[in-house]
Amino acid sequence: MASTKIIHVLKSDKFEDIFDLFKNSDAEEVIFIFPRGSKFTKQSWYFENIKSEADNSGKKVSIMSEDPIIAGFASASGLDLISMPERKKHKATLAIPRIDTAEREPYEEKEPEPELIEPESSAAVASYVLDTKESVLGGDFGNIHAEADHGPSFEKPVSDENEPEVVLAAKRMMKDIFTSEADRPVEIKEESESPVEVEVRNNVSSQKIRGDITEVWSQKDSQDDQLLPSTVSRKGISKKILAFGFIFLLAILFVLYSALGHAQITIHPQTQKLNFKLKVSVSTTATQTSPEFSLIPGQRFTVQKEEAGSYPSSGQGNVVQKAGGKITIYNKTTTSQRLVATTRFETTAGLIFRIPQTINVPAAVKSGSALQEGSIDSAVYADRPGVEYNIGPTKFTIPGFSGTPKADSFYAISSSSMTGGMVGSSKVVTEEDFTKAQQELTAKLKDEITNSLKNQANDLKILDSAVVKIEDPVVNAKVGEAADNLQMTIKGSADTIAFREDDITDLIKNYLSKNGDLELLPVDPSITYQNPVLNADKSMLTFDVQVSAQAASKVDPDKILKDISGMNEDEVRTYFKNVKEVQSARIVLSPFWVKSIPTNPAKIKIDVSNN
């Protein structure tokens, strides 16, 4: 249990609120600090009820106040009185200490109340920082100093440069009224203190103030009487001028108070870090973004490339291997011809080669008055192993058509040498040779295809994991076959759909708005694209979007402006404390005498800061 609780009472605090705070406290000792002019000076039964509750709950209650009325009520009710600490004397207005009713700490010996500070200008800008989650109730707006985001903070300017012209004019007018060129009262230096200033700062009675003023001006009146006719009272004229000037100044200040008030409010919303995944579709037929279906428009791009290379064979072994190569088969007839697998083709030297699979040779086609022969390419392999089959380009006939009309209508030609025929020790292609060549060529091919897609897409987004189709490699020798060098060619192609990344950002914003009423902060989110899939007709691309981002709660400035219009300090603080979307708010009121939010919306400016 806390041993001591200090309750600072504001002038405007209601008895019911203070009494509930006292009654609900679990402290053994409670100290009340009352200002002068508090509402508690109106009824003595306030203190009788406090005394009664203290006796019932066993709490020790003490009263601290400079107000003699409160001291009298407390003494009459049997409550202990604690003397106020002496204030250091300076010029000008009172500085009221910060009052914390939200979270009070146990009582302990602390530094005296804030010293009185001389304002260097009558036109000051009052500002305070309001943290609605760690609220600290302050006293009067005019002289409160606190840390940012923990309570109101007001600062006074160091010169009169920012004072309204009408205030400066009023000052000069009052100075002219109270003094004359020929005869002015003794000037009070800034380093000294006049009796009137001291008494005002310490809140002595108005009778004492009037006595000091009378003493100062009586000396001037005695001198002026020598210059005025005996029927005219210079003292009476001075009082009238003083009264007129005072009323005029009050009127000016009232106009300024009513017309010049402004409020600048900076709101910092609540923020949070989010991680989530979206399923997105990009369609070539879509014309605009559809957030409800996570669908955005896109454009299709297609690329075909090939890569080839030669790699030395690293194996060695005894080889019995047939030569092989390619031929082009021609058909002069107007009917296509089917040739089954192993069909023989013979060179003029009598060497036999065979086709490995069944093929159909296209028929000849008429082109004007002439026939254009039908043709087809096919692989062939030697009928027997040996180097003698490693022949150069030549012409082939089909022995199976000998003695028939088709013998002259079908033939074949090789445009390159036959290779690979071997019997004996030779270099061979190993599995490592084949794998290395295939991996290197495939990587180069994918890079080439991806770069080509990006160049075509310009500012559109092409996924790095775009669907690239790689065909089987074409080689001059398979694993285990004789060859000094492995020659490999790989072809590839890609079909993908590009899109605008701004459309992805719009989908993310829409998702945050629907799921938590949040908005994306200016900091760039971290976005990764995963698992792209292109449909069969290549008109739609789907993929996952993994998002890591900072988001802030949405704040409605128009509603806040309407709600806080005309509120005082305590009401504004309570209001923002109950707005869950707001993390903190900073409010600047100007000029210095303004102590509440203006009622004119044009004089209230609200900024929502996500920084």
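Does Lys559 count as buried, exposed or partly exposed, and at what relative accessibility? In this predicted model, Lys559 counts as partly exposed, at 49% relative accessibility. The cut-off explains the assignment: exposed requires over 50% and buried under 20%, so the value of 49% falls in between. Lys559 also takes part in a salt bridge with Asp563, in which the closest N and O atoms are 2.7 Å apart. Both residues belong to helix 10 (residues 557–564), and because they are 4 residues apart there, about one helical turn separates them. Asp563 is likewise partly exposed, with a relative accessible area of 27%.

The salt bridge of helix 10 belongs to a wider set, as the count for the model comes to 12 salt bridges. Side chains of opposite charge can pair when their charged atoms come close. One such pair consists of Asp544 and Lys279, whose side chains meet at 3.3 Å, N to O. This pair links distant parts of the chain, with Asp544 in strand 26 (residues 540–553) and Lys279 in strand 7, 265 residues apart. The two partners also fall into separate classes of accessibility: Asp544 is buried, with a relative accessible area of 10%, whereas Lys279 counts as exposed at 51%. A further salt bridge joins the side chains of Glu581 and Lys580 at 3.0 Å, N to O. Here Glu581 counts as partly exposed at 23% relative accessibility, and Lys580 counts as exposed at 64%. In addition, a network of salt bridges links Arg300, Asp495 and Lys538.

Strand 7, which spans residues 271–283, also contains Leu274. Leu274 is buried, because its relative accessible area of 17% lies under the 20% cut-off. Residues with which Leu274 is in contact, leaving aside those up to four places away in sequence, are Leu512, Leu518, Val547, Ser548, Ala549 and Ala551. For Leu274 and Leu512, the separation is 238 residues in sequence and 9.5 Å in space, C-alpha to C-alpha. Strand 26, which holds Asp544, covers residues 540–553, and the contacts of Leu274 include Val547 and Ala551.

Another part of the model is an open sheet of 4 strands, arranged in the order 1-2-3-4 with parallel pairing. Its edge strands are strand 1 (4–8) and strand 4 (80–82), each of which pairs on one side only. On average, neighbouring strands of this sheet are turned by 25 degrees against each other, direction ignored. Strands of a sheet pair through backbone hydrogen bonds, either parallel or antiparallel. Within this sheet, strand 2 (residues 29–34) pairs with strand 3 (residues 60–65) in the parallel sense, over 6 bridges. In this pairing, Phe34 has Ser65 in strand 3 as its bridge partner.

The loop between strand 2 and helix 2 (45–57) contains Thr41. The side chain of Thr41 reaches the backbone oxygen of Ser38 at a distance of 2.8 Å. Thr41 also touches Asp67, Ile69, Ile70 and Phe73, when residues up to four places away in sequence are not counted.

Terms used:
Residues are numbered from 1 along each chain as its sequence is written. This is a predicted model: local features need pLDDT of at least 70, side-chain atom pairs count only at pLDDT 80 or more; totals for chains, interfaces and linings use all residues. Side-chain values use heavy atoms; hydrogens and water are left out. Helices (H or I, at least four residues) and strands (E, at least two) are DSSP runs, numbered from the N terminus. Buried means under 20% relative accessible area, exposed over 50%, partly exposed in between (1.4 Å probe, protein chains only). Contact means heavy atoms within 4.5 Å. Two strands pair if DSSP finds at least two bridges between them. Axes are lines fitted to C-alpha atoms, for helices over the stretch in contact, and angles run from 0 to 180 degrees between N-to-C directions. A polar contact is a pair of N or O atoms within 3.5 Å; within protein, one must be able to donate a hydrogen and the other to accept it, and residues adjacent in sequence count only if both atoms are side-chain atoms. A salt bridge is a side-chain nitrogen of Lys or Arg within 4 Å of a carboxyl oxygen of Asp or Glu.
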